[in-house]
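Trainee: Please take a close look at one part of this structure with me. I'd like to follow the cysteines and see how they are paired.

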Amino acid sequence: MPFLRGLRMLGALAAHVLAAPILAAPILAASPATALDKNLTDLIEAWLASPHGDYQSPSFTYWNKDGEVPPACAACHSEPGFIDYLGADGSTPLKVDRPAAINSPIGCASCHTAAAHALDSVPFPSGVTVDGLGSSAVCTVCHQGRQSGDAVTAATQGRDEDAVSSELAFLNVHYGVAAAVMHGAEVRGGYQYPGRRYAGRFAHVPSANTCTACHDAHTTEVTSDGCVACHRGVDDLRAIRTRHADFDGDGKTDAGIHAEIVGLHGMLGRAIQTYAAEVAGTPIGYAKGRFPYFFTDSDGDGRIGDEEAVPANRYASWTPRLLKAAYNYQVVAKDAGAYVHNPAYALQLLYDSLESLSERIDLDMSGLHRP
């Protein structure tokens with residue numbers, strides 16, 4: 001309701017003012033009322049236009065029918081839940097103690113508290129805790145996914161690589177996995193094939209090595225001015241090419257590294273379909289944005305229609321080899337910025353998944369390159 005929404009905004013606004021004296025002080029010195037009002041108005045408008053402030057987003061309305069956001073989801077899908085996770089409400093830090101309020105997006109009071117400012121270490125789903133995160137710590141809490149390659153290893157260990165098992169189910173890494181991709185091998189966000197080397201934390205230049213160095217803190221939009229200062233001659237960040245090999249084997253190296261990731265990702269999607277049909281014995285398809293994403297391609301047309309993208313038709317003929325490849329496919333799919341966050345790690349996950357599938361299906365790997 002508009003009235004309640006206004007109260008929430010005022011509460012968040014008050015928290016921002018009280019928690020950010022460094023920002024407010026110089027403005028007050030210049031003009032105590034009007035300058036501060038304008039600055040806060042601009043910040044609120046920027047936040048409301050961002051995904052974090054979208055009151056209509058399923059990220060914050062999915063649980064409306066239940067009347068509360070469950071503890072397992074509350075840290076990232078409700079401001080009170082995030083405050084609870086940080087321990088800013090006096091509770092135990094790094095855990096959520098109770099369900100949280102619905103319709104409460106991530107606002108000023110989420111990040112502008114003493115607990116949020118002090119946060120420097122964050123645990124990942126693999127159990128690895130990364131220290132020294134600084135200003136990126138609060139972002140990392142929610143942008144790391146909810147699964148790791150370790151979970152895939154645990155689910156498939158001791159099983160025949162190509163035997164269908166009713167005990168296997170797709171493991172979804174969840175959404176917004178930028179931090180897991182960025183830290184690469186350090187946190188094992190993707191499934192890492194044994195005996196292979198994987199890229200660790202992608203360290204950009206010092207001026208672009210934190211979340212807020214590249215993303216506006218309130219709109220979350222990418223600020224690209226610093227990028228083009230070094231990567232001259234491009235008007236689209238996807239055109240930046242940090243590595244020069246032809247990774248996807250299409251004979252082209254004139255596009256950005258983004259195109260190489262997209263090319264390999266598409267190849268992996270097609271290889272997954274071929275393997276599922278020829279080895280697992282049941283055609284598979286992927287439906288972007290439709291949980292649980294992989295469904296049985298019941299009519300064999302190579303795509304998943306609305307009537308097929310339903311929970312009852314979820315894909316159920318998993319083999320360990322197929323599950324590993326599908327998990328990595330999803331990791332890359334859920335980080336649209338992988339070409340910036342850690343291109344080498346994304347390319348390695350895709351290449352190794354293809355190489356594994358090529359052991360059982362006809363797949364020419366000769367033109368592909370692994371970073």
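Mentor: Let's start at C139, which is partly exposed, with a relative accessible area of 24%. That label fits because buried means under 20%, exposed means over 50%, and partly exposed lies in between, using a 1.4 Å probe and protein chains only. Before we go on, remember that this is a predicted model: local features need pLDDT of at least 70, and side-chain atom pairs count only at pLDDT 80 or more, while totals for chains, interfaces and linings use all residues. Residues are numbered from 1 along each chain as its sequence is written, and side-chain values use heavy atoms, leaving out hydrogens and water.

Why isn't C139 bonded to its closest cysteine sulfur? That sulfur is in C211, and at 4.1 Å from the sulfur of C139 it is too far for a bond, since a disulfide needs a pair of cysteine sulfur atoms within 2.5 Å. Now look at C111, which also counts as partly exposed, at 29% relative accessibility. Its closest cysteine sulfur is the one in C139, but with 6.8 Å between them the two are too far apart for a bond.

So which cysteines do pair up? C76 and C142 are joined by a disulfide, with an S to S distance of 2.2 Å. By the distance rule, the count comes to one disulfide. The link of C76 and C142 is left-handed, with -100 degrees about the S-S bond. C76 sits in helix α5 (residues 71-77) and C142 in helix α9 (residues 137-142), so the pair links distant parts of the chain, 66 residues apart. C76 is partly exposed, with a relative accessible area of 25%.

Now zoom out a little. The protein has 17 helices and four strands; these are DSSP runs numbered from the N terminus, with helices (H or I) having at least four residues and strands (E) at least two. Of the 371 residues, 45% are buried. The protein exposes about 17,900 Å², an area that comes from the Shrake-Rupley method with a 1.4 Å probe. Carbon and sulfur atoms supply 56% of that exposed area.

Last, think about contacts, meaning heavy atoms within 4.5 Å. Take those between residues at least 6 apart in sequence: 61% of them join residues at least 24 apart. The C76 to C142 link, as we saw, spans 66 residues.
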